Amino acid sequence: MDAFRELILLLASTIRVATPLVLAAIAGLFSERSGLIDLGLEGKMLAAAFASAAVSAVTGSAWLGLGAGIATATALALLIAFACVTHRGNQVVAAMAVNIMVAGLAPALALAWFDQGGQTPQLEGPGQRFLGIAWPGELLARRHPFPGLAYSELLSGHNLIVYFAAALVPASAWVLYRTRFGLRLRAVGENPLAVDTAGISVNALRYQASLISGVLCGVAGTYLSTAASAGFVRDMTAGKGYLALAALIFGKWRPYPTLLACLLFAFADAGAARLQGVALPLVGVIPVQFIIALPYILTILLLAGFVGAAVAPKAIGVPYSKEK
Amino acid sequence: MKARARLPLWAEYGLLPAVNLCAALLISGAVIRLIGESPWEAFKLMVTGAFGAQDSIGYTLFYATDFVFTGLAVAVAFHAGLFNIGGEGQAYIGGLGVGLVCLACGSWSPWIVVPLGIGAGCLFGAAWAFVPAWLQARRGSHIVITTIMSNFIASALMTYLLVNVLIKPGQQSPETREFGAGAVMPAVDAVLGKFGIPFAPSPFNLASLLALAACLAVWVFIWRTRWGYALRVVGQNPRAAVYAGISPERTIIVAMLISGGLAGCLGVNELMGSQHRILLDFPGGAGFVGIAVALMGRNHPLGILAAALLFGALYQGGSELSFDMPHVNRDMVVLIQGLVILFCGAMENVFRAPLAALLGSARRPSPP
C-alpha cells in the first residue's frame, strides 16, 4: 500500500516537473521543424518567467502575468527571427546571445524594480498565481487511497497550465501531420527550396514557427514563476530549456515521442529527489548528480547513433536565401 | 548565396566591431536609464573601477587572462567551422586536472609543479572536448548540442567529485584543501616586488604570460603551419578539403583538442593563480564570455586580446559599480556580453551592408 502511495506521489511530481519541459519542447519542435535551431528556449522561458511574475506582482492578476510572459517571449523569438531569418545570421549565436542577455537583464530589472536582491515579490495574493483545480469527488476519492489516490493526485488538483500542456501534445501532432500549415512547416525544414518553388514564403513560415515557439515558451516561463513557485528567482530555468531541447532530440522531433522523453526526464528528476541517499537493491546508492546528468548522457548517446538514431530536419540551421 | 558586402580591412577589423560595441553599449545605457540611473555616471564609475587604481588594473588583467583562454578556445574551433559552446565545461574539467596535480604534488618545487599543472589542465580540457569532437567527426552528431550537453555533464561530475570525493574532511562547503606551497602561480605584484617595484596586491598572476604565449602560438598555428591551413580549409569548405587531401575528420578532432586544451588553461589562472583550491563552479561563466570575446575579436588573437581586455574591464568595473549604484551590478555586464554576441555575431550583417554602402560611396563618387 505504501509502495502504491509512493508511486502515485512520484508520478504526480513527475507531471509537475514535466509540464514546463513539454511546453518548451513542443515550442522547440515547431521552430526546429521549420529549420531553425531553437537554442533560445532557455532565454525565452527565463524572460517570460520574470515578466509574468513581475506583472502578476504589480497588477495582482496571474492572467495579465501570463499575457506579459507570452508577449516577452514572443518579442525575443521575433528578435531571433529578425537576426536569423531576415538577416540570415547564425542561429546558434543569436540564441546564445538572447540566453545570455536575459540571464543578465531579468535579475537586473528585478533588482531595480523590486529591490529584493534580483527576485520578484512573493505572489501571495488571491489570483496572483495559477493554483491547482480540485476535480469533483476529489476528497471522496482520497478516502479510498486505492485506487482513489490516483484520481486525486494524477488527474485532479493540477493548475490550468498543466492541462494545457497535456492537451498541447495531441493538438500539435494534429497541426503538424493533419493540416496544410503543418505539411508546409515540415517541408520548409527539410527542403526550403521546394517550398519556395511552390510559391510559399519560406521566411513567413519560419516567422510563424518562431511566433508559436515564443508563445509556448511564454506559457512555460509563466508556469515556472506563477504556477510551480510563487515568484521569479535568479536563473530559475536552471537549464530546463536545454533539457527540453534534449527531450526534443530524444523524441526525434515528433510530438508523442517528445512527450515520452519529457516524462522520462521528469521522472528521473522527481526520482532523484526521492532517491537521495537511498540504497537500491543490486546497485547501491546512486549519486543524485548521476541522475541529473543522465538525460544529457542519454541524448549524446542517441545523437551518436548508439541507441537508435536521431535524424534532424535536413535544413536545420541553414539560412535560406532566395538568390542561390 | 549573395556575396557578403565587402569592407576594407581597417573597417572589417576596427570600425565594424566598434560600431557593434557602440550599439551594445547604447542599449545597455538605455536599460540603465530605464532603471533610473545615469548611464554616463555609470560609464565613468566603470572606467575608474577598472583602471583607477593599481589593484583594480590587476583585477581587470586577471579577468582578461581568463577570457583570453576561453576566447582563443572558441576562435580555434571557429576557424575549423565548429561552434564550441562547451568552453565552460572544458574549463571546469581542465581545472580538475590542474587541481589534481596541485593537490598531489603541491610540496614539490614550483618549477616542476607549474608546468605539470599547465599540462594537466590542457590534457583534461582536451580530453573533455574529445568526446564531442569524435562524435562530430565520426558520427556526425551536432557539435553545438553535444558540447552544451557536456557542459551539464561536467557540472554534475564536478559537483559529485567535490561533494563526495575531493572535499576537505570536516568541512561543509564543497571545496578541496588548499594546494601546497609549490603549486602556486606567482602573483605579478610579488614578482615586481622582488625587483623593487611596488604594486598593489591582486590576483593578477603569471598565467597572463601563458595567455600571451597562447595568443602567439594560436596565431602561428592558424596562419603559419600546415595544420592551421588544413583547419581553415575545412572551416571554409570541407568538400574542397577532401579534394586537397585533407581529412576533415582528423582536422575536426585536432581543432577541438586544441580548443579544449586552451579552455582548460583557465584553471591555471583561476586555481593556481588565485583560489589555490578547487571550488564549485569556479569558471563562473567565463566559457560563455569566450564566445563574445571571439566574436568581437573577429577570431584573431590580437582582436581577442583587445576584446578580453574590454571584458576584463567590464567585469571588474561592473563589480565596483554596485558600490556606488546599488541597482547596477554585474548582471548589467552579462547583459552587455549578450548584446555584444548579438551585434557582433548574429546581427553583424545588419550593420555590414550600410557601412559598406557608406564607405563605397565615400571612395567612389556616383557616376555622372
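Me: How far apart are the end C-alpha atoms of α15(B)?
Reply: This is a predicted model, where local features need pLDDT of at least 70, side-chain atom pairs count only at pLDDT 80 or more, and totals for chains, interfaces and linings use all residues. Residues are numbered from 1 along each chain as its sequence is written, while chains are lettered from A and ligands numbered from 1 in the order in which they are written. Helices are DSSP runs of H or I with at least four residues, strands runs of E with at least two, numbered from the N terminus. The 17 residues of α15(B) should span 24 Å (1.5 Å times one less than the number of residues), which agrees with the end-to-end value of 23 Å.

Me: How many residues of α15(B) are buried?
Reply: A buried residue has 20 or more other C-beta atoms, placed from the backbone, within 10 Å of its own. The helix α15(B) is largely enclosed by the rest of the structure, because the buried count is 17 of the 17 residues.

Me: How many residues does chain B put into the contact with chain A?
Reply: Contact requires C-beta atoms, placed from the backbone, within 7 Å. Chain A supplies 40 residues, and chain B supplies 41 residues.

Me: Which helix gives the most to the side of chain B that touches chain A?
Reply: Helices supplying at least two residues each to this side include α1 (9–35), α5 (110–139) and α15 (330–346) of chain B. With twelve residues, the helix that gives the most is α6(B).

Me: What share of the residues in chain A is buried?
Reply: Chain A contains 13 helices and two strands. Of its 324 residues, the buried share is 52%.

How values were computed: Two residues are in contact if their C-beta atoms, placed from the backbone, lie within 7 Å. A residue is buried if 20 or more other C-beta atoms lie within 10 Å of its own, exposed if 12 or fewer, and partly exposed in between; C-beta atoms are placed from the backbone.
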